[in-house]
Structure formats: structure tokens, C-alpha cells
Amino acid sequence: MQSIKVPTSAKSVAIAGATGAVGLEFMSVLEKMNFPIKELKLLASKRSAGSKLKFRDEEIVVQEMTKDSFKGVDIALFSAGSSISKEYEQAVVDAGAVLIDNSSAFRMREGTPLIVPEINPQDSRNHSGTIANPNCSTIIFLMAVYPLHRAYPVKRAVVSTYQAASGAGWAAMEELKNSTRAALDSKPFTPQKMPYPYGFNLFSHNSAIDESGYNEEERKMIKETEKILHSTDLTVTATCVRVPVLRAHCESINLEFSDRAPNLAEARELYAAFPGIRVVDDREKNHFPMPLEASGEFDCLVGRLREDKTLNSKGLNLFVAGDQLLKGAALNAVQIACLL
Ligand code: A2P
């Protein structure tokens, strides 16, 4: 169930990083949502300039992104990496466009809203030209936790992620395929994008570990949750892992509630009333959220709902699967554009 409405007047939209894994999904989401568009500019590096991408019934020529690319643009959707976002932010804002940024460049910056439209849409009103899209694992985590938390406050969450290659872009997705082929053919494989061979393997998330022992992805989940909820009452501890899945992240979540946990019927009811969530929880058929079934879906799938009996009526376990490229990135960003 989606409840976010597209704008009533047509907008000029630019996509920065249009040829990337998220960039292509920006186009598919704009198309599927019937987002009214006056003009669509597709921007990428010099390497892709002149190539053509299909949008609706049109072939659009990809242009090399320059600081002059944003004249006349209303909304600039960025997914070309943090350094590019930082380099171009001023040019976008000077052109009068709103930058909706999928990178981590501005997420924790004071004054820049960090938005999950189903959770804190009101924050989008206080922007000064830039709005940040949260990290994909944070979005999927909060989509599963917030519907319960809003009615039954959560004190502590323990989350373990099973993250797909798509979070690291096209090159990582290709590397997963190639390393799997090499393993099947008993051929040597030297990873380029990931730290270790990816096929038939899993490893701790490939982001920097600081002196605390947490990697950057784990720290993002903790800090971004505080910013989105405007509260430190819900404490989060995370373990982030890459698994050999092409797209759609999964997360195993253990929740400790302040007062009491919702019972299963109450939890199901809360999810049913929340946009962007679908419960997949069939114990008889052993059918629960899976990355293959979450791929291409706008909704996040939630299931494996069960009481954590170690917490005396205060604990609940659950499992969520969400398309990292959609709700974890492009869909969330386009939904933010719809709020403006
Ligand atoms: P290009 O395809 O021309 O390299 P992914 O996240 O899948 O790795 O994609 C990254 C996206 O960012 C691609 O669209 C890529 O374009 C784009 N990109 C990379 N460097 C630049 C740059 N200097 N200017 C504009 N876009 C860039």
C-alpha cells in the first residue's frame, strides 16, 4: 500500500548518475508513479555522454554533468557518490533547484533534513535547498520498526543485516555474478570492487571500521535513526554483513519495548495500517520475507513475527526484506520529491 501522492504540476527533473544502479531506478520509479515531468535531464560522467536511455516512449541522450546542467531544473535527484554531491551542491542550489541526495554527503549535517516520507515528512519543509535520503539499511530498518514503535515505544533494537551487492552499485553486482561463475568453474578470481570473493561467501560490510569496532554502515544505522526520530530513546546496535544476493537487503531485528510488546494480532494490525509495508508471515508454508520476492517491490516485506520469550512480554523478533534500490534509495528519494 502506497499513500504518497505525485505533484499536481509538471516538474523539470535532473538525474545525476543516471547510468548507475540507482540512477536507472530513479527513471523506473518516476515512470511507475506517473510523476508529471516537463523535462527530464539525464546526467552522468563524460564516459556515458551521448549514450541513450529510454524513458516512457522517449529515448533521452545522456549528457556530461557540468555546473551549468541545472538551469531550469526544479528537482535534482543525485546518486553519483558523495564527492560528486559535494562538488555540485552549490551549483544545484544556485540554479534554484532542490537537491535530493542519495549519498551520505549531507545526511548528518545540521539543517539538512533526512527523510523517510512515511515517518518524518514534516521535516522536509525545513530545507535550504538540499534534502538527504537516508542509508538503505536505515530506511528498511525504520520501515519495519516505526509502525510498532509509534504505538508501543521501543527501548532497544538489535539488528543484523544481510545486504545485497546492489548497495555498492553496478560494478559490485557484476562482480557477484563473475565471482560466482568463477567459483562454479573452479577458476581463480581477483575481486576489484569488494574486499573478498563474493560468490558462495559473505563478509562483514565493506565500509571503514573505527576505533569503536563498528563499521560505517553500522554507525549510519545508529546515528541516522536518532536524527529521523529526533530522539535517542530508541537505542540501536547493529551488525552489517554483505551476502551474495544481487538486490534487496534483509534484516533480522530483535526489539525490546519500554512497556510491553504488541501481541502478534496487534503487530499485524499496525503493519496493515502503515503504507509501504506488506506482512509475509505464513508459518505453515514456511513463507517469509525473501530478497527475491522483495526485488522490484515498492513495499518492504515483514514477517517471522514472534515473541522473544527472554524479555518477559517486552520482546519481539521480526525479519524484513526491502528492495535496496527502490525503498532503500530511488523510491524513497522520489517520494521526498512528491512531498515538496
Ligand atoms: P558513468 O556511468 O558515466 O560512470 P553506480 O552507483 O552504479 O556505480 O553508478 C554511479 C553513477 O555515477 C553512474 O551513473 C556514473 O556515470 C556516475 N558518475 C560517476 N562519476 C561521475 C562524474 N564525475 N560526473 C557525473 N556522474 C558521475
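Colleague: What is the strand order in the open sheet of six strands, and which pairing does the sheet have?

Modeller: The order is β5-β2-β1-β6-β7-β8, with parallel pairing. This is a predicted model, where local features need pLDDT of at least 70, side-chain atom pairs count only at pLDDT 80 or more, and totals for chains, interfaces and linings use all residues. Residues are numbered from 1 along each chain as its sequence is written, and side-chain values use heavy atoms, leaving out hydrogens and water.

Colleague: Why is one side of β5 and of β8 left without a neighbour in the sheet?

Modeller: β5 (63-64) and β8 (130-132) stand at the edges, each with a single partner strand, so one side of each has no neighbour in the sheet.

Colleague: What makes β1 and β2 a pair?

Modeller: Two strands pair if DSSP finds at least two bridges between them. Strands themselves are DSSP runs (E, at least two residues), as helices are (H or I, at least four), numbered from the N terminus. Six bridges join β1 (residues 11-16) to β2 (residues 37-44), so the pair qualifies, and the two run parallel. Within this pair, S12 stands opposite E39 in β2.

Colleague: Nice! And which strands does helix α1 touch?

Modeller: Helix α1 (residues 21-32) packs on the sheet and touches β1, β2 and β6 (75-78), where contact means heavy atoms within 4.5 Å. Its direction makes about 155° with that of β1; axes are lines fitted to C-alpha atoms, for helices over the stretch in contact, with angles from 0 to 180 degrees between N-to-C directions.

Colleague: On to the ligand: what makes the R47 approach a polar contact?

Modeller: The term needs a pair of N or O atoms within 3.5 Å. A polar side-chain atom of R47 lies 2.7 Å from an oxygen atom of the ligand, so the pair falls inside that limit. Backbone N or O atoms are involved too, with G20 at 3.0 Å from a ligand oxygen and G17 at 3.2 Å from one.

Colleague: Where does the other open sheet, the one of seven strands, have its edges?

Modeller: Its order is β10-β11-β9-β12-β15-β14-β13, with mixed pairing. The edge strands are β10 (203-204) and β13 (277-279); each has a single partner strand, so one side of each lacks a neighbour in the sheet.

Colleague: How do you know that β9 and β12 pair?

Modeller: Eight bridges link β9 (residues 154-163) and β12 (residues 249-257) in the antiparallel sense, and pairing asks for at least two, so they pass. There, V159 stands opposite I253 in β12.

Key. Polar contact = N/O pair within 3.5 Å; in protein donor to acceptor, adjacent residues only side chain to side chain.
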